Amino acid sequence: MIKNNKGFTIAEGLVAMVLLAIVTVGIFSAVLSSVRATKAPDVKEDLAFAVSAANAQIKRAWGNAGSAQNTLICGSVFNANGGDLSCFLPTSCSIQAGSTMTYTYTTATRAIDINLDCRRRQ
């Protein structure tokens, strides 16, 4: 009787498929985490941009010295003593988690103090 040793048995094929699946899942996980890391916004850049945009808006409002009372910042009338800047919060900060952004303006020194408390979503 002649034995035919060509090909694989079902058990060998299943073992090969399981190994291929394990390797594929590992590679896919590595690629997916790499993509997520590159897509995630840099929080420091977001915060710096938010503070810069708010600072520019306050300076613009204060520059309209005669009409500063009519200038809106975040939907509220500009207040030389300070106010809310929550509309400038970056998307990485969650208002629901308690994030706040406020400003105070010192008239004598023309100094703007922006306070930012960024709390991330859980």
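User: Contact means heavy atoms within 4.5 Å. Leaving aside its neighbours within four places in sequence, which residues is Leu47 in contact with?

Analyst: The model is predicted. In it, Leu47 lies in helix H2. Once its neighbours within four places in sequence are left aside, the contacts of Leu47 are Pro90, Cys93, Leu116 and Cys118.

User: Is Leu47 buried, partly exposed or exposed?

Analyst: Buried means under 20% relative accessible area, and exposed means over 50%. Leu47 has a relative accessibility of 21%, so it falls in the class between these limits and counts as partly exposed.

User: What distance separates the C-alpha atoms of Leu47 and Phe88?

Analyst: Leu47 is a residue of helix H2. Along the chain, Leu47 and Phe88 are 41 residues apart. In space, their C-alpha atoms are separated by 9.3 Å.

User: How many helices and strands does the protein chain have, and what pattern does it follow along the sequence?

Analyst: The protein chain has two helices and five strands. Read along the sequence, these elements give the pattern α-α-β-β-β-β-β.

User: In what order do the strands of the open sheet lie?

Analyst: Strand S3 (residues 83–84) pairs with S4 in the antiparallel sense over two bridges. S4 is also joined to strand S5 (residues 111–117), again antiparallel, by seven bridges. S3 and S5 each pair on one side only, which makes them edge strands. The order of this sheet of three strands is S3-S4-S5.

User: Which residues in S4 stand opposite Gly83 and Asp84?

Analyst: Gly83 and Asp84 belong to the stretch 83–84, which is strand S3. The residue opposite Asp84 is Thr102. Opposite Gly83 stands Tyr103.

User: Which residue in the turn between S4 and S5 has a positive phi?

Analyst: S4 and S5 form a hairpin with four residues between them. At one pair in this hairpin, Thr106 has Ala111 as its bridge partner, and at another, Thr100 stands opposite Asp117. The turn residue with a positive phi, about 55°, is Arg110.

User: Which residues of strand S4 point to the buried face?

Analyst: Strand S4 covers residues 100–106, and its side chains alternate between two faces. Thr100, Thr102, Thr104 and Thr106 point to one face and are not buried. The buried side chains on the other face are Met101, Tyr103 and Tyr105.

User: Which element gives the largest share of the largest nonpolar core?

Analyst: The largest nonpolar core has 15 residues, and those with the most contacts inside it are Ile58, Ile73, Phe78, Leu85 and Met101. Helix H2 (43–63) and S4 are the elements that give two or more residues to this core. The largest share is five residues, and it comes from H2.

User: Which residues does Ile58 touch, not counting those up to four places away in sequence?

Analyst: Ile58 is among the residues with the most contacts inside the largest nonpolar core. Apart from residues up to four places away in sequence, Ile58 touches Ile73, Phe78, Leu85, Tyr103, Tyr105 and Ile112.

User: Why does Leu116 count as partly exposed?

Analyst: Leu116 is found in strand S5. Not counting residues up to four places away in sequence, Leu116 touches Leu47, Val51, Leu89, Thr100 and Met101. Its C-alpha atom is separated by 6.7 Å from that of Thr102, 14 residues apart along the chain. Leu116 counts as partly exposed because its relative accessibility is 29%.

User: Is Leu19 buried or exposed?

Analyst: Leu19 has its place in helix H1 (residues 10–39). Together with Val15, Val18 and Ile22, Leu19 makes a nonpolar surface patch of about 390 Å². The cut-off for exposed is over 50% relative accessible area. With a value of 51%, Leu19 is therefore exposed.

User: What percentage of the residues in the protein chain is buried?

Analyst: The protein chain exposes about 9,100 Å², and carbon and sulfur atoms supply 61% of that area. Of the 122 residues in the protein chain, the buried ones make up 19%.

User: Among contacts between residues at least 6 apart in sequence, what percentage joins residues at least 24 apart?

Analyst: One contact across the sequence is that of Leu47 with Leu116. Among the contacts in the protein chain between residues at least 6 apart, those joining residues at least 24 apart make up 41%.

Notes. Residues numbered from 1 in each chain as written. Predicted model: local features only at pLDDT ≥ 70, side-chain atom pairs only at ≥ 80, totals over all residues. Heavy atoms only, no water. Patch = residues over 30% accessible without salt bridge, like charges linked within 9 Å, V, L, I, M, F, W, Y side chains within 5 Å. Areas by Shrake-Rupley, 256 points an atom, 1.4 Å probe, with all protein chains shown as cover. Salt bridge = Lys/Arg side-chain N within 4 Å of Asp/Glu carboxyl O. Buried < 20%, exposed > 50% of the residue type's maximum accessible area, 1.4 Å probe, protein only. Pairing = 2+ DSSP bridges. Core = buried A, V, L, I, M, F, W, Y, C linked by side-chain atoms within 4.5 Å.
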